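I opened the notebook to record how the helices and strands of this model are arranged, and which residues make the contacts.

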Amino acid sequence: MRPRPQPLDVVLAVVCVPATIVAARASGESFGAVEVAIIVVSATLILLRHYAPIPVLAAAIGASIASVAVTDHPNILIAVVVLAVFTVAAERDRRTGVQAGLAGLAGLLVVVAIQNPPDQLPGPLLAAVAWPALAVAAGDLLRTRRETIVAAEERARRAEESREEEARRRVAEERLHIARELHDVVAHRMAVVNVQAGVAEHLLRARPDDAAAALRIVRSSAQAALDNLGSILNLLRSAGASDDSVEPAPTLTELTALIDSYRDAGLAVEYETSGAPRPLADTTQLALYRTVQEALTNAHKHGDGHVRLRISHAADGVAVELINPVAVPSVGDDVTPRSGAAGDAGGFGLTGMRERVLAAGGSLHVGLEGESSFAVRAHFPIAEEQR
């Protein structure tokens, strides 16, 4: 039930008084109890038309037929019938509105038949047909307009929700991308710093020359990490600027330099390749490079200092295999044995590695092999147009 009556309904109810008086005088009748009843019934039906449109229509039809039968002249109740038909058509579905129009038409035909002799029926009959039809058409038009407005508002609301959801998704993706980049370009440098700092501490007194070499590696790795971190921060600060200043993503041609950097840090890397290299998409090359980088970092952090890396080029893609012995703690150490790349120290390296490989359309398998080795195997497919 809606908060009714509206101001318009109150005005229409008040208009019933002069309309009834004018109709009575036009027919030569005096204003009496019947006219008062017509006013009361008409005003009541108008005020209640939004609460119960169909019962109001039925009551208006019955009251109009009864009033014309008693007074033998038209009155305001006929207009109330048309108004009730309009209300039903505007607030109910189209089928109900058409049925209301037919009911109003039948009621008005009875009124016309009671009020007019047979030889004067054509004109009033036409009016009896036209007014309910116009009421149904106007009500249906109003209902359709309301539904259109509601549908447009709903579409706008959903579009706004979709935009907000898309914005949240993009923010989440960008945060994940930044986290990956920070991990890829900084984590392995910090791992080298950590390992070489331990070496320097161990050798500082007994072998100062070797300790100094380890400290030089610590310094160079820390400087490289700071440079990489500064590049990322500068890129974030210059959002929307030209991409000319952005460093290109690493490719397979830089793998040798990457491996040499780990060798300089003390990791014994056995590197071999097979097959003829084929063109790869930039995203695939970046994913492959980061996979090797992460696997070498974890082998350096958690392995025994040796790792075997093999990259195989084939017609259907590139396979990467990295195997390193497991570093087993000595008796009495209060630590849990760590399994090479699996020992990601609770971080997100393997998660990021897997996400990158899957994003490039590849597959990744990591895990222990027996009790002495840990393996990382990835396969990156080559697109049909690049074969």
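Before reading the sheet I fixed one criterion: two strands pair if DSSP finds at least two bridges between them. I also note at the outset that the model is predicted.

**Entry 1, the sheet.** With that criterion I looked up the strand order, and I found an open sheet of 5 strands running β1-β2-β3-β5-β4 with mixed pairing. The edges are formed by β1 (268-274) and β4 (363-369), each of which pairs on one side only. From one strand to the next I read an average twist of 10°. I then turned to β3 (residues 317-325) and β5 (residues 373-381), which pair in the antiparallel sense over 9 bridges; within this pairing, the partner I looked up for L322 is V376 of β5.

**Entry 2, helices on the sheet.** Two helices that pack on the sheet were checked next. Helix α8 touches β1 and β2 (306-314), and its direction makes about 160° with that of β1. Helix α10 (residues 349-359) touches β4 and β5, and its direction makes about 145° with that of β4.

**Entry 3, the faces of α8.** Which residues of helix α8 (residues 255-264) are buried? I listed L255, L258, I259 and Y262. Seen down the axis of α8, these buried residues fall within an arc of 95°, so they line one face of the helix. On the face turned away from the buried side I found the exposed residues A257 and D264. After α8 comes G266, for which I noted a positive phi, near 105°.

**Entry 4, α4 against α5.** I compared the axes of helix α4 (residues 76-91) and helix α5 (residues 94-115), which come within 8 Å and cross at roughly 170°. Angles over 145 degrees count as roughly antiparallel, and α4 and α5 are therefore roughly antiparallel to each other. On the α4 side the contact is made by I78, V81, V82, V85, V88 and A89, and on the α5 side by T96, G97, A100, G101, G104, L108 and V111. Sorted by class, this contact of α4 with α5 has 9 nonpolar and 4 polar residues, and no charged ones.

**Entry 5, S67.** Is S67, which I located in helix α3 (residues 53-71), buried or exposed? Its relative accessibility is 6%, and S67 therefore counts as buried. Leaving aside neighbours within four places in sequence, I found S67 in contact with I38, D72, N75 and L77.

Notes: Residues are numbered from 1 along each chain as its sequence is written. This is a predicted model: local features need pLDDT of at least 70, side-chain atom pairs count only at pLDDT 80 or more; totals for chains, interfaces and linings use all residues. Side-chain values use heavy atoms; hydrogens and water are left out. Buried means under 20% relative accessible area, exposed over 50%, partly exposed in between (1.4 Å probe, protein chains only). The arc is that of the directions from the helix axis to the C-beta atoms. Axes are lines fitted to C-alpha atoms, for helices over the stretch in contact, and angles run from 0 to 180 degrees between N-to-C directions. Angles under 35 degrees count as roughly parallel, over 145 as roughly antiparallel, 65 to 115 as roughly perpendicular and the rest as oblique. Contact means heavy atoms within 4.5 Å. Ala, Val, Leu, Ile, Met, Phe, Trp, Tyr, Cys and Pro count as nonpolar, Asp, Glu, Lys and Arg as charged, and the others, Gly among them, as polar.
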